[in-house]
Amino acid sequence: GAGGGAPAGLAAIFGDIKKIDQSKGRTEGLRHVTKDMKSKGAPAKVAAAPARKPSGRGAPAGPKGTPVVKLVQKRWLVENQGPGEPVVLEEGVDKEKEVYIAGCVGATIVVKAKAKAMTLDGCHNTQVVFESLLSSCEVVNCKRVKVQTKGSCLAFAVDKTDGITVYLSPESRGAQIVTSKSSEMNVSFPDGPGEDADWIELPIPEQFVTTVGDDNKLRSKVSELYG
């Protein structure tokens, strides 16, 4: 169905950082990765935060490893982040660098510069907002995640993921979304170019009907359940 305004908790990150996810106490603003952190290549320090209760069966209570935010050659590693202040990447991010986000639970990651590509791996209850990607965003082995592009992204690949909403900008409405072995997938996009445009959310098909043709080739179509 359609709803007014941008998706809650995602578009607000760029517009009014102080108000992000108030229901969970995230009102302290954003923690930036400084030049000192980047030059030393050391993991950014993350303030301790109470672990969240699992919101679903099999959901981890929190990240399993030590929080890491560091640049290794041409790849930003953002690992084992949890609830608390959103992690913001801006300085040191460019079109030659990839962003790899892994093992995050209940985290918010913001990438405020155009990167080459992005991967979310093994994340739970995590939301990611990025400006633009030169190529694609890959989501694998995740549960209940939200991914939003504010600018351009050519394609999204979703694999072995249960519960994902992809938010497309007007510029990214033509992006390809390739899915495999995944469930509870939705795509949300504005019905117009303005900031006041309504957002439309639709389910990404999971059920298909396949038949054998007279030419001995298979033909598949989306189930009528999706209209």
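**Aromatic pairs, sheet order and confidence in a predicted chain**

The structure holds two aromatic pairs. In the first, the ring centres of Phe130 and Phe156 lie 6.4 Å apart. Their planes meet at 40 degrees, so this pair is tilted. A tilted pair falls between the stacked and edge-to-face classes, whose limits are under 30 and over 60 degrees. Phe130 belongs to strand 9 (residues 127–130), and Phe156 to strand 12. The pair therefore ties together parts that are 26 residues apart in sequence. Phe130 counts as buried because its relative accessibility is 0%. Phe156 is also buried, at 2% relative accessibility.

The second pair joins Tyr167 and Trp199. This pair is edge-to-face, with 6.1 Å from centre to centre and 65 degrees between the planes. Tyr167 sits in strand 13, and Trp199 sits in strand 16 (residues 199–203). The parts tied together here are 32 residues apart in sequence. Both Tyr167 and Trp199 are buried.

The model is predicted, and confidence varies along the chain. The average pLDDT is 82. A score of at least 70 is reached by 74% of the residues. Over residues 16–31, pLDDT is below 50. That stretch nevertheless has 37 contacts in the model beyond near neighbours in sequence. Residues 34–56 also stay under 50. For residues 34–56, the model has 36 contacts beyond four places in sequence.

The secondary structure comprises two helices and 18 strands. The chain has 227 residues, of which 42% are buried. Its exposed area is about 12,100 Å². Carbon and sulfur atoms supply 50% of that area. Contacts between residues at least 6 apart in sequence were also examined by separation. Of these, 26% join residues at least 24 apart.

Seven strands form an open sheet. Their order is 3-4-6-8-10-12-14, and the pairing is mixed. Strand 3 (68–72) and strand 14 (176–180) stand at the edges. Each has a single partner strand, so one side of each is left without a neighbour in the sheet. From one strand to the next, the twist averages 10 degrees.

Strand 12 (residues 155–159) pairs with strand 10 (residues 136–140) through five bridges. Strands 10 and 12 run parallel. Cys137 has Phe156 of strand 12 as its bridge partner. Phe156 thus appears in this pairing and in the tilted aromatic pair. Val139 is bridged to Val158, again in strand 12. Five bridges also join strand 12 to strand 14, and these strands run parallel. Val158 stands opposite Thr179 in strand 14. Val158 therefore has partners in both directions: Val139 and Thr179. In a regular strand the side chains alternate between the two faces of the sheet.

Strand 13 (residues 162–167) holds Thr165. Thr165 is buried because its relative accessible area is 10%, below the 20% limit. Residues up to four places away in sequence aside, Thr165 touches six residues, namely Val145, Lys146, Val147, Asn186, Ser188 and Glu201. Glu201 falls within the residue range of strand 16, the strand that also contains Trp199.

Two asparagines have unusual backbone signs. Most residues other than glycine have a negative phi. Asn125 is not a glycine, yet its phi is positive, at about 50 degrees. Asn125 lies in the loop between strand 8 (117–121) and strand 9. Asn216 likewise has a positive phi, at about 65 degrees, without being a glycine. The loop between strand 17 (208–212) and strand 18 (218–222) contains Asn216. Asn216 counts as exposed because its relative accessibility is 69%.

Key. Residues are numbered from 1 along each chain as its sequence is written. This is a predicted model: local features need pLDDT of at least 70, side-chain atom pairs count only at pLDDT 80 or more; totals for chains, interfaces and linings use all residues. Side-chain values use heavy atoms; hydrogens and water are left out. Helices (H or I, at least four residues) and strands (E, at least two) are DSSP runs, numbered from the N terminus. Buried means under 20% relative accessible area, exposed over 50%, partly exposed in between (1.4 Å probe, protein chains only). Contact means heavy atoms within 4.5 Å. Accessible areas come from the Shrake-Rupley method with a 1.4 Å probe; for residues, only the protein chains shown count as cover. pLDDT is the predictor's confidence in each residue, from 0 to 100. Two strands pair if DSSP finds at least two bridges between them. Axes are lines fitted to C-alpha atoms, for helices over the stretch in contact, and angles run from 0 to 180 degrees between N-to-C directions. Rings of Phe, Tyr and Trp (its six-membered ring) pair if their centres lie within 6.5 Å; planes under 30 degrees apart count as stacked, over 60 as edge-to-face and the rest as tilted.
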